[in-house]
Amino acid sequence: MYYKELKAPALIKLGRDILKNIDWILKDAHFYYSNKILITQEWLFEEYKEQLNVSEFSEILFVKGGEAAEAIELAGKINGLDALLFGFGGGSVIDQVKYIGERCDIPFITIPTTLSNDSLCSAVARLISGGRKRSYAVQPPLGILVDFGVVARSPKKLTLAGVADVISNHSAVKDWLLAHKNTGESIDDLALMLAKNAPEPLYKYKAADLESDAFFYDLASGLILSGMSMIMTGNSRGASGSEHLISHAIDEYFPEKSTIHGLQVGWAHLMIEKYCRKDLDEYEKLRRFFDAIGLTEIIDECVPWTEEEFQSLIPYAKTIRKRYTIFDTL
């Protein structure tokens, strides 16, 4: 019999007081390593050192975050160790740890301080190299630990960016199905299920719910399911379509007008439903949800693009990668 291997995280813990119980969680999961190395930013460690110092880390390394060169330098110091890495921080830190783990063939656990995107689980690291953001294929995490008390302290705009990133799966899935219909591109149905269902629990929430444990659980779950979909296919197809091409095009060609990834993706998702797919029912459903949860206000504040300018971004978006989307039908 034949089965498809899925490199799912061996350990996932979501809840309160995770940070001060890391050693107990590892012991309960039968994870034993000679060295446990924490990689984080110095200001984050200072803010959470009371909880983090409870754990028996053999070494604590500080990074600035985001740069491939810094990750490569750190990998040279870690390479060859029997170690378990812990990435504690936002996406820029976690992506560096993922990249280090890949280069050194060392397992790692992600501990996000914000739920702004699916970096906590995905098998892709986005790092700056030569002044531009690049994507690197990496191994998925061995474990994911999400402490609701930590992510609750994240700026609201980052949390809402995570919401928009998960919701945009619906746009990416439409592009995937369109590519299957028009070009014969293959679809992994399990990956499609994961990507398609990841956003569904979020639609019931409003702005008043953004600090509830139930909301953080469903947001973290959605981001993890999106990551699992990408792990399943070996690419980002189920969680990255035309809306992500717009965001990456802004980062690539207009860095001076670039902002938080999830907010760009959310704005692009709205514009694509309205102007490219011309699905006004879906557009209105999406807009009402964005209004209710507070995304509309944050996007208006942070995304410096007008509806009229959206059309001009499409030719740039089509140069980002060879991926069939709604843009190829225009």
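Reader: In this predicted model, which side chain meets that of Lys49 in a salt bridge?

Author: Lys49 belongs to helix H2, and its partner sits 3 residues away in that helix, so the two are separated by about one helical turn. Lys49 is partly exposed at a relative accessible area of 35%, and the partner is likewise counted as partly exposed, at 42% relative accessibility. The N to O distance in this salt bridge is 3.0 Å, and the side chain that meets Lys49 is that of Glu46.

Reader: Asp95 and Lys98 also meet in a salt bridge; is Lys98 buried or exposed?

Author: The side chains of Asp95 and Lys98 come together at 3.3 Å, N to O, and the residues are 3 apart in helix H4, which means a separation of about one helical turn. Asp95 has a relative accessibility of 7% and therefore counts as buried, the limit being under 20%. With a relative accessibility of 0%, Lys98 counts as buried.

Reader: How many residues apart in sequence are the parts that the salt bridge between Glu309 and Lys257 ties together?

Author: The side chains of Glu309 and Lys257 meet at 3.5 Å, N to O. Glu309 lies in helix H14 (residues 307-317), whereas Lys257 is in the loop between helix H10 (242-253) and helix H11 (261-276), so the parts tied together by this pair are apart in sequence by 52 residues.

Reader: Which residues are joined into one network by salt bridges that share partners?

Author: By the distance rule applied here, the count comes to 17 salt bridges. Salt bridges that share partners make one network, and the residues joined in it are Lys174, Asp175, Glu273, Arg277 and Asp279.

Reader: Asp147 is buried yet has no salt bridge; which backbone nitrogen does its side chain reach?

Author: Asp147 is found in strand S8, which spans residues 143-147. The nearest side chain of opposite charge is that of Arg16, at 5.8 Å, and a salt bridge requires a nitrogen within 4 Å of a carboxyl oxygen, so this pair does not qualify. The side chain of Asp147 does, however, reach a backbone nitrogen at 2.9 Å, and that nitrogen belongs to Leu19.

Reader: What is the phi of His30, and what is that of Asp105?

Author: Most residues other than glycine have a negative phi. His30 lies in the loop between helix H1 (22-28) and strand S2 (35-40) and counts as exposed at 61% relative accessibility, while Asp105 is in the loop between helix H4 (91-104) and strand S5 (108-112) and is exposed with a relative accessible area of 70%. Neither is a glycine, yet each has a positive phi. For His30 the value is near 65°, and for Asp105 it is about 55°.

Reader: What distance separates the C-alpha atoms of Trp43 and Lys64?

Author: Trp43 is found in helix H2 (residues 42-52) and is exposed, with a relative accessible area of 54%. Along the chain, Trp43 and Lys64 are 21 residues apart, and their C-alpha atoms are separated by 9.9 Å.

Reader: How many charged residues are in the lining of the largest cavity?

Author: The count comes to 1 cavity of 30 Å³ or more, and the volume of the largest cavity is about 40 Å³. Its lining includes Gly90, Gly91, Ile94, Pro112, Thr114 and Leu223. By class, the lining of the largest cavity has 5 nonpolar and 6 polar residues, and the number of charged residues is none.

Definitions and conventions. Residues are numbered from 1 along each chain as its sequence is written. This is a predicted model: local features need pLDDT of at least 70, side-chain atom pairs count only at pLDDT 80 or more; totals for chains, interfaces and linings use all residues. Side-chain values use heavy atoms; hydrogens and water are left out. On a 1 Å grid over the protein atoms alone, a cavity is a set of points where a 1.4 Å probe fits but cannot get out, and a pocket is an open set with protein on both sides within 12 Å along at least five of seven lines; lining residues have an atom within 4 Å of a point. Grid points are joined across faces, edges and corners, and a volume is the space filled by probe spheres set on the points. Ala, Val, Leu, Ile, Met, Phe, Trp, Tyr, Cys and Pro count as nonpolar, Asp, Glu, Lys and Arg as charged, and the others, Gly among them, as polar. Helices (H or I, at least four residues) and strands (E, at least two) are DSSP runs, numbered from the N terminus. Buried means under 20% relative accessible area, exposed over 50%, partly exposed in between (1.4 Å probe, protein chains only). Lys and Arg count as positive and Asp and Glu as negative; His and the chain ends are not counted. A polar contact is a pair of N or O atoms within 3.5 Å; within protein, one must be able to donate a hydrogen and the other to accept it, and residues adjacent in sequence count only if both atoms are side-chain atoms.
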